[in-house]
Amino acid sequence: MCDEMSLYSAIEPRSSGFLEVSKLHKIYYEECGIKDGIPVIYIHGGPGGGIGDRDRRYFDPEAYRIVLFDQRGAGKSTPAFSLEENDTWSLVADIEKLREHLGIEKWVVFGGSWGSTLALVYAEKHIDRVLAMVLRGIFTLRKEELRWFYQEGASYLFPDRWEEYVEPIPEEERGDFITAYYKRLTGDNEEERLRCAKAWSKWEMATSQLRVNPENLSRCADDIFSLAFARIECHYFVNKGFFDSPNYVLDNANIIHESGIPVTIVQGRYDVVCPAKTAWELHKKLPNAEFYLIEDAGHSAKEEGITKKLVEACDKYKTLVKV
């Protein structure tokens with residue numbers, strides 16, 4: 001794929017492990033790059049998406065100490081696809097526990113999609129621990145954003161894929177797809193739960209790039225991935241992100257602006273999962289941020305133009321002074 005040309009070469013972790021963050025949850029983490037490099041933390045999407053080998057490659061391994069982790073219930077973290085003790089503020093606390101565990105004072109925070117949400121609220125709570133931010137495909141979990149993608153909006157652009165998404169839900173429950181899916185994703189019928197998990201996951205995988213990428217869709221063949229992705233996403237959406245107010249993320253963005261830390265925002269013009277309106281509104285809250293609207297891209301970090309700009313931003317920040 002063309003986007004591969006912009007990435008650094010594939011690397012393996014130089015260390016990995018599990019961090020116990022509660023009596024129930026252990027999160028998987030790994031480190032790549034050089035131990036005395038500029039620390040950067042990669043925050044994955046979903047929630048429930050987990051990390052992959054490709055995610056290590058936005059960062060120069062000769063300059064960065066690269067930290068990646070699977071959020072509660074995702075990827076290699078245990079217990080798999082658990083919803084218990086799984087909320088935004090627990091994840092924010094986990095990031096801090098991981099930072100302390102690794103002996104890192106401050107780090108660059110990198111996140112896309114839900115990862116941008118978590119990166120933003122982490123920075124708003126712990127701005128003194130952030131060197132810089134690289135954000136992609138901005139999502140703030142507001143009602144209008146969820147309605148666009150899961151109820152009415154994106155459906156007009158992908159009517160063929162939308163039919164597959166709505167099919168598992170009875171006609172009488174289609175006035176609120178998120179609630180209807182949550183009922184089934186948390187129900188006792190294992191066959192129905194898996195069927196709905198795959199339908200939910202396929203909808204996002206099919207729409208995340210400007211052109212449908214079969215590689216994305218193939219991830220849904222993995223039952224564990226689909227269950228984690230669908231169950232955890234839906235859990236967070238039903239609970240409105242566990243935020244105190246509907247516009248929490250943007251309302252608190254002034255904390256980041258006033259701190260003066262450098263921020264880069266990268267957004268696909270034709271992102272139907274997290275439309276550009278939200279990224280533009282964030283830019284208005286962070287007027288000093290570098291803002292890049294990629295004209296020939298959708299949502300995914302795998303889009304060539306998005307990949308290139310993310311790598312450029314990380315290359316720029318590798319010259320920051322480590323504290």
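**Figure 1. Cavities in the predicted model.** Two cavities of 30 Å³ or more are present in the structure, which is a predicted model. The largest cavity holds about 80 Å³ of space, and the second largest holds about 40 Å³.

**Figure 2. Residues around the largest cavity.** The lining of the largest cavity consists of G46, S113, F139, E145, L146, F149, Y150, E204, E233, F237, V273 and C274. Two elements, α3 (143-150) and α8 (223-238), give two or more residues each to this lining. The most comes from α3, which gives four residues.

**Figure 3. Residue classes in the lining of the largest cavity.** Sorted by class, this lining has seven nonpolar residues, two polar residues and three charged residues. Among the lining residues are F139, L146 and V273, as well as E145, E204 and E233.

**Figure 4. Residues around the second largest cavity.** About 40 Å³ of space is enclosed here. R161, E164, Y165, A199, K202, W203, A206 and L217 form the lining. At least two of the lining residues come from α4 (159-166), and at least two from α6 (190-207). The element that gives the most to the lining of this cavity is α6, with four residues.

**Figure 5. Residue classes in the lining of the second largest cavity.** Five of the lining residues are nonpolar and three are charged. No polar residue belongs to the lining of the second largest cavity. The residues shown include W203 and L217, along with R161 and K202.

Terms used
Residues numbered from 1 in each chain as written. Predicted model: local features only at pLDDT ≥ 70, side-chain atom pairs only at ≥ 80, totals over all residues. Heavy atoms only, no water. 1 Å grid on protein atoms, 1.4 Å probe; cavity = no way out; pocket = protein on both sides within 12 Å on 5 of 7 lines; lining within 4 Å. Points joined across faces, edges and corners; volume = space filled by probe spheres on them. Nonpolar A, V, L, I, M, F, W, Y, C, P; charged D, E, K, R; others polar.
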